[in-house]
Amino acid sequence: VVKERFDDDIYVNYSKKEIVGKVDEIQHDLVREAMVMAGVERAVELTVLADIPSAGSGLGSSSSLTVGLVQALFAYRGRSLPASELAERACAIEIERCGKHIGKQDQYVAAFGGVRDLRFGPGECVVADEVALPLDDLRALQAQLLLFYTGITRSADVILSEQRANIDDTLEHLTLLRSLAGEAVDGLRSGSVSTLGPAVRRSWEVKRQLASGVSNAVIDSAIAAALDAGAVGAKVTGAGGGGFLLVVAPMEHQATVREHLSHMRELPIKIDRFGSRVVLNVARDIWS
């Protein structure tokens, strides 16, 4: 939420509250850099609301926040940005300005929404093709997705740094992960929603070999319990090590899966078809 203030101060409300006189005094790096990029420098109050823990969720929350900040701040300045520019600007803030060791997938899917086939390269090129599913297939896909909070928060930096250092040794695994993503997309496009679960299961088996901190005893036990209960795929979202557990399970097995994972809090989810958007925009300067 971005709102004009009567005075010239800048108020930023999130898990903390900041009141500053200049943009460069803001401690929240994503807010600060988004405001600089949008040219919003004074007399503004910005409030961040979130549905999940602010750190270590593995759900792309920081990139979703950055996309939302860019969208809201440019709308505040009277500019509407296309999804591709939202994603590019969010990537510039996180990767270039804030020096985060992350990829670009979270920003692009947050900006575009829907089910996406994301392809990276050559160079800085990113293609975000929509996997256009018939409504029945989209409902069937959504119906089999469950999300559980492991209760473990972690910083992804250590895991991602180790993954980057291991690229030469794990190139075969990374290539296989790309192929599995392609197989899942091909299956969805052909109308076979059931291909997602096995692809997720195999991708987790590969992913946990990329770095030492990707999995742990708690995660291994939870995934084994979900699979024993009838799930066809399960993985930890994001870099791993904690955060949320994505489970792919047919409807007839979901009650048993929930029973086996009853020690974890479930987060209701649905596929967002539209991506980042302005919900309400009340024009400023009504007297001018």
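Biologist: As what does glutamate 266 count at 28% relative accessibility?
Modeller: This is a predicted model, in which local features need pLDDT of at least 70, side-chain atom pairs count only at pLDDT 80 or more, and totals for chains, interfaces and linings use all residues. Residues are numbered from 1 along each chain as its sequence is written, and side-chain values use heavy atoms, leaving out hydrogens and water. Relative accessible area under 20% is called buried, over 50% exposed, and in between partly exposed, with a 1.4 Å probe and protein chains only. At 28%, glutamate 266 is therefore partly exposed.

Biologist: Which residue does glutamate 266 meet in a salt bridge?
Modeller: A salt bridge needs a side-chain nitrogen of Lys or Arg within 4 Å of a carboxyl oxygen of Asp or Glu. The N to O distance here is 2.7 Å. The partner has a relative accessible area of 34%, so this residue is also partly exposed. The residue that meets glutamate 266 is arginine 258.

Biologist: How many salt bridges does a search of the whole structure find?
Modeller: Side chains of opposite charge can pair when their charged atoms come close. One of the pairs is arginine 79 with glutamate 85, whose closest N and O atoms are 3.7 Å apart. Some of the bridges share partners and join Arg5, Asp7 and Glu45 into one network. For the whole structure, the number of salt bridges is 15.

Biologist: How many residues apart in sequence are the parts that aspartate 29 and lysine 100 tie together?
Modeller: These two form a salt bridge, with their closest N and O atoms 3.6 Å apart. Aspartate 29 is partly exposed at 24%, and lysine 100 is partly exposed at 28%. Helices (H or I, at least four residues) and strands (E, at least two) are DSSP runs, numbered from the N terminus. Because aspartate 29 lies in helix α1 and lysine 100 in the loop between α3 (83-97) and α4, the bridge ties together parts whose separation in sequence is 71 residues.

Biologist: Why does the aromatic pair of tyrosine 108 and phenylalanine 112 count as stacked?
Modeller: Rings of Phe, Tyr and Trp (its six-membered ring) pair if their centres lie within 6.5 Å; planes under 30 degrees apart are stacked, over 60 edge-to-face, and the rest tilted. A search of the whole structure finds two such pairs. In this one the centres are 6.2 Å apart, and the pair is stacked because the angle between the planes is 10 degrees.

Biologist: About how much of a helix separates tyrosine 108 from phenylalanine 112?
Modeller: Tyrosine 108 counts as buried, at 5% relative accessibility. Both residues belong to helix α4 (residues 105-112) and are four residues apart, so the separation is about one helical turn.

Biologist: Which residue forms an aromatic pair with tyrosine 149?
Modeller: The pair is tilted, with 4.9 Å centre to centre and 35 degrees between the planes. Tyrosine 149 lies in strand β7 (residues 145-149), and its partner, 95 residues apart, in strand β9 (residues 244-248). The partner is buried at 3% relative accessibility. The residue is phenylalanine 244.

Biologist: Over the face of which residue does arginine 5 lie?
Modeller: A charge sits over a ring if NZ of Lys or CZ of Arg is within 6 Å of the ring centre and within 35 degrees of the ring normal. Arginine 5 is 3.6 Å from the ring centre of tyrosine 11.

Biologist: What is the phi of alanine 43 near?
Modeller: Alanine 43 is found in the loop between α1 (29-38) and β4 (44-47). This residue is buried, with a relative accessible area of 8%. Its phi is positive, in a residue other than glycine, and is near 50 degrees.

Biologist: Which peptide bond is cis?
Modeller: The proline of this bond is in the loop between β5 (116-120) and β6 (126-130). With omega near 5 degrees, the cis bond is the one from glycine 121 to proline 122.

Biologist: How far are the C-alpha atoms of valine 232 and leucine 46 separated?
Modeller: Valine 232 is in the loop between α9 (217-228) and β8 (233-236), and is partly exposed at 30%. Along the chain, valine 232 and leucine 46 are 186 residues apart. Their C-alpha separation is 42 Å.
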